[in-house]
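Here is a walk through a protein model, going from one strand outward to its neighbours and then to the open space. Keep the structure turned so that you can follow along.

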Amino acid sequence: MDEITFKSDTVLSDVHLHTPNQRHLMVRLSGVGQPVFLSQFKLLWNQASQTDSGAEGGNHRAHPAEEEDDVLGDEAQESSPYDVIKIEHTMATPLEDVGKQVWRGALLLADYILSQRDLFRGRTVLELGAGTGLASILAATVAQTVYCTDVGADLLAMCQRNIALNSHLTATGGGVIKVKELDWLKDDLCTDPEVPFSWSEEDISDLYGHTTILLAAEVFYDDDLTDALFKTLCRLAHKLKNASTAILSVEKRLNFTLRHLDVTCEAYDHFRSCLRRLEGLTGGRLRFAVEPVDVSFPQLLVYERIQQLHSQEHHAAKKSAPHKIQQPCSTAPRMEKELWKVFVEPVTEPVVSADTAS
């Protein structure tokens with residue numbers, strides 16, 4: 001296959017767009033007849049071992065795919081299997097199937113996981129909208145259990161295949177990855193044993209009883225889905241027995257719109273407004289605290305990191321002075337990187353004695 005062409009009504013991740021055609025290896029057709037390709041991303045484990053404690057490892061450097069072989073060609077045969085992560089994915093897809101591609105936001109989140117391994121060590125992790133499963137796989141190199149969730153039997157089967165392709169990476173740490181369906185538009189988890197990737201009662205008990213970290217990357221491109229994700233995040237937070245941290249990775253996409261006659265980033269603005277609303281929730285038994293993540297952590301996956309990537313952490317925490325979130329981007333384009341954390345903890349009101357009350 002010398003050239004790859006796509007229909008005009010499809011969406012293509014620039015991770016694949018900037019990879020030379022000769023490095024696209026088609027391996028099979030998916031269950032719905034889509035061509036499936038294999039990419040291999042180089043892991044810089046030596047640098048990862050130097051930053052296990054979470055210390056900063058210096059500035060990020062962009063790695064152009066054409067020069068640094070983020071997707072390895074024949075050289076993959078010479079690399080140790082522990083130096084690459086293999087990911088099966090589609091190329092161009094309709095918008096409803098974008099989870100079958102690899103997106104830069106997932107790579108940024110994966111970098112964060114690799115550079116903050118102590119944060120994930122021995123934890124139970126839930127990834128929402130996991131797509132190809134890349135971040136879940138790397139989290140499982142140190143986490144105890146990772147619930148890799150999304151919707152669609154074909155996509156979840158792709159996750160399962162990617163986990164099998166990289167089982168050698170998770171075997172040494174003993175981490176377990178469980179692929180499950182989690183639909184943000186439904187209030188309850190599917191427990192029907194006849195449905196593929198449904199939940200057992202044991203899995204649900206473990207999820208709610210032990211999860212302390214939630215992940216989501218590149219799922220904030222549609223306002224309705226963003227709203228559904230935040231509703232799901234709140235619903236899960238109220239069911240979890242432990243305080244938790246959600247780590248959100250988002251790419252600010254700048255588009256020229258006729259309505260504004262300027263460059264805007266409406267999907268990103270809506271994401272930020274959802275963060276502000278979440279942090280502004282009062283009167284409940286949980287407190288959500290939001291803060292940006294310093295993205296000066298080292299780049300441990302070889303890919304081209306561009307300025308529009310943002311990662312955010314979301315916390316629900318005890319009441320304290322509110323953290324102010326930046327205002328959404330102006331109409332003038334700005335190039336930024338962000339990760340956000342959302343901390344979720346129970347609100348503990350002080351006990352008021354009779355003497356104090358009087």
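Which residue in β7 does Val125 stand opposite? Find Val125 and look across to the neighbouring strand: the residue standing opposite is Ile213. Bear in mind as you look that this is a predicted model.

That pair is a good way into the sheet. The two strands involved, β4 and β7, run parallel and are joined by four bridges. β4 covers residues 124–127, and it has another partner too: β5, residues 145–150, pairs with β4 in the parallel sense, again over four bridges. If you want a landmark for that pairing, take Thr124, whose bridge partner in β5 is Thr145.

Now look at the two faces of β4. In a regular strand, side chains alternate between one face of the sheet and the other. Here Thr124 and Leu126 are on one side, Val125 and Glu127 are on the other, and all of them are buried. In other words, both faces of β4 are covered.

Step across to β7 and the picture is much like that: seven of its seven residues are buried. β7 also pairs with strand β8, residues 244–251, in the parallel sense over five bridges. Leu215 is a handy marker here, with Ile247 as its bridge partner in β8.

Follow the chain out of β7 (211–217) and you come into the loop that leads to α10 (223–239), where Glu218 lies. Glu218 is worth a stop: its phi is positive, about 55°, although it is not a glycine. Is Glu218 buried or exposed? Its relative accessible area is 9%, and buried means under 20%, so Glu218 counts as buried.

There is a charged residue to check in strand β6 as well, namely Lys180. Because its relative accessible area is 11%, under the 20% cut-off, Lys180 is buried too. What surrounds Lys180? Leaving aside neighbours within four places in sequence, its contacts include Tyr147, Cys148, Thr149 and Asp150, along with Phe197, Trp199 and Asp203. You can also use Cys159 to get your bearings: Lys180 and Cys159 are 21 residues apart in sequence, and their C-alpha atoms are 9.8 Å apart in space.

One of those contacts, Phe197, has a backbone quirk of its own. Phe197 is not a glycine, yet it has a positive phi of about 65°. You'll find Phe197 in the loop between β6 (176–181) and α9 (201–210).

Next, the empty space. Rolling a probe the size of a water molecule over the atoms shows where such space is left. The largest pocket has a volume of about 890 Å³. It is lined by 39 residues, and those closest to its centre are Leu95, Val98, Gly99, Tyr221 and Leu225. The elements that give two or more residues to the lining are α6 (134–139), α7 (153–165), β9 (255–257) and α11 (266–279). By type, the lining divides into 20 nonpolar, nine polar and ten charged residues.

Finally, zoom out. The protein chain has twelve helices and 13 strands, and buried residues make up 53% of its 358 residues. Of the contacts with a separation of 6 or more, 80% come from residues 24 or more positions apart. The chain exposes about 16,500 Å², with carbon and sulfur atoms supplying 50% of that area.

Technical notes: Residues are numbered from 1 along each chain as its sequence is written. This is a predicted model: local features need pLDDT of at least 70, side-chain atom pairs count only at pLDDT 80 or more; totals for chains, interfaces and linings use all residues. Side-chain values use heavy atoms; hydrogens and water are left out. On a 1 Å grid over the protein atoms alone, a cavity is a set of points where a 1.4 Å probe fits but cannot get out, and a pocket is an open set with protein on both sides within 12 Å along at least five of seven lines; lining residues have an atom within 4 Å of a point. Grid points are joined across faces, edges and corners, and a volume is the space filled by probe spheres set on the points. Ala, Val, Leu, Ile, Met, Phe, Trp, Tyr, Cys and Pro count as nonpolar, Asp, Glu, Lys and Arg as charged, and the others, Gly among them, as polar. Buried means under 20% relative accessible area, exposed over 50%, partly exposed in between (1.4 Å probe, protein chains only). Contact means heavy atoms within 4.5 Å. Accessible areas come from the Shrake-Rupley method with a 1.4 Å probe; for residues, only the protein chains shown count as cover. Two strands pair if DSSP finds at least two bridges between them.
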